[in-house]
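Student: Please pick one part of this structure and look at it closely. I would like one connected answer, with each term explained when it comes up.

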Amino acid sequence: QVQLVESGGQSVQAGASLTLSCSASQRYYNAYTLAWIRQPPGKGQEFVAGINWSGDDTLYGDSVKGRFTISRDNAKNMAYLRMNNLKFEDTADYYCAADSRDEGDVVRREPSAYNHWGQGTRVTVSS
């Protein structure tokens, strides 16, 4: 069982930058596709960004493309989400998720594709 722990969420002003971190407990984490998925208050889940096991393939949601960057450090069992030029509409609970059912090559947008989830970290952006 992979345990994922997110950190880095906080309240910031619009235009600020923030980096979220995701720490994984399992040694085989390196073989999994990872994603950041968010849920704004009162709304459904939204795919933010995903990265394959090697880090050479990434995918972004349209609303964050060009502002957010996903990365991973397999030696440390860590993943990151660098968020620049934050907007009010980025306010959400951000979840780190892993897909252990695939071979780690494919990045999927559907939240249902990910079978391991962290508890989430809250980002609040004030305008």
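Tutor: A residue is called buried when its relative accessible area is under 20%, exposed when it is over 50%, and partly exposed in between (1.4 Å probe, protein chains only). This is a predicted model, in which local features need pLDDT of at least 70 and side-chain atom pairs count only at pLDDT 80 or more, while totals for chains, interfaces and linings use all residues. Residues are numbered from 1 along each chain as its sequence is written, and side-chain values use heavy atoms, leaving out hydrogens and water.

Start with serine 21. Serine 21 has a relative accessible area of 16%, so it counts as buried. It belongs to strand S3 (a strand is a DSSP run of E with at least two residues, numbered from the N terminus). Setting aside neighbours within four places in sequence, serine 21 is in contact with Val5, Glu6, Ser7, Trp36, Met78, Ala79 and Tyr80 (contact means heavy atoms within 4.5 Å).

Strand S3 also holds cysteine 22, and cysteine 96 lies in strand S9. These two cysteines form a disulfide, with their sulfur atoms 2.1 Å apart (the cut-off for a pair of cysteine sulfur atoms is within 2.5 Å). The structure holds one such link. The angle about its S-S bond is -75°, and the link is left-handed. Because cysteine 22 is in S3 and cysteine 96 in S9, the bond ties together parts that are 74 residues apart in sequence. Cysteine 22 is buried at 0% relative accessible area, and cysteine 96 is buried at 0% as well.

S3 and S9 also take part in the largest nonpolar core: each supplies at least two of its residues, as do S4, S5, S7, S8 and S11. Such a core is a set of buried Ala, Val, Leu, Ile, Met, Phe, Trp, Tyr and Cys residues joined through side-chain atoms within 4.5 Å. This one has 28 residues, and those touching the most other members are Leu4, Trp36, Val48, Phe68, Leu81, Met83 and Tyr94. Among the contacts of valine 48, leaving aside neighbours within four places in sequence, are Trp36, Phe68, Leu81 and Tyr94. A second, separate core has seven residues, including Ala35, Phe47, Val107 and Tyr114.

Strand S9 carries one more feature. There is one aromatic pair, counted when ring centres of Phe, Tyr or Trp (its six-membered ring) lie within 6.5 Å; planes under 30 degrees apart are stacked, over 60 edge-to-face, and the rest tilted. Tyrosine 95 and tryptophan 117 form this edge-to-face pair, 6.2 Å centre to centre with 70° between the planes. The pair joins S9 to strand S10, across 22 residues. Tyrosine 95 is buried at 18%, whereas tryptophan 117 is partly exposed at 28%.

Finally, consider two loop residues. Asparagine 77 sits in the loop between S7 and S8, with a positive phi near 55° although it is not glycine; at 14% relative accessibility it counts as buried. Asparagine 85 sits in the loop between S8 and S9, with a positive phi of about 50°, and is not a glycine either; at 43% it is partly exposed.

Technical notes
Helix = DSSP H or I, 4+ residues; strand = E, 2+ residues; numbered from the N terminus.
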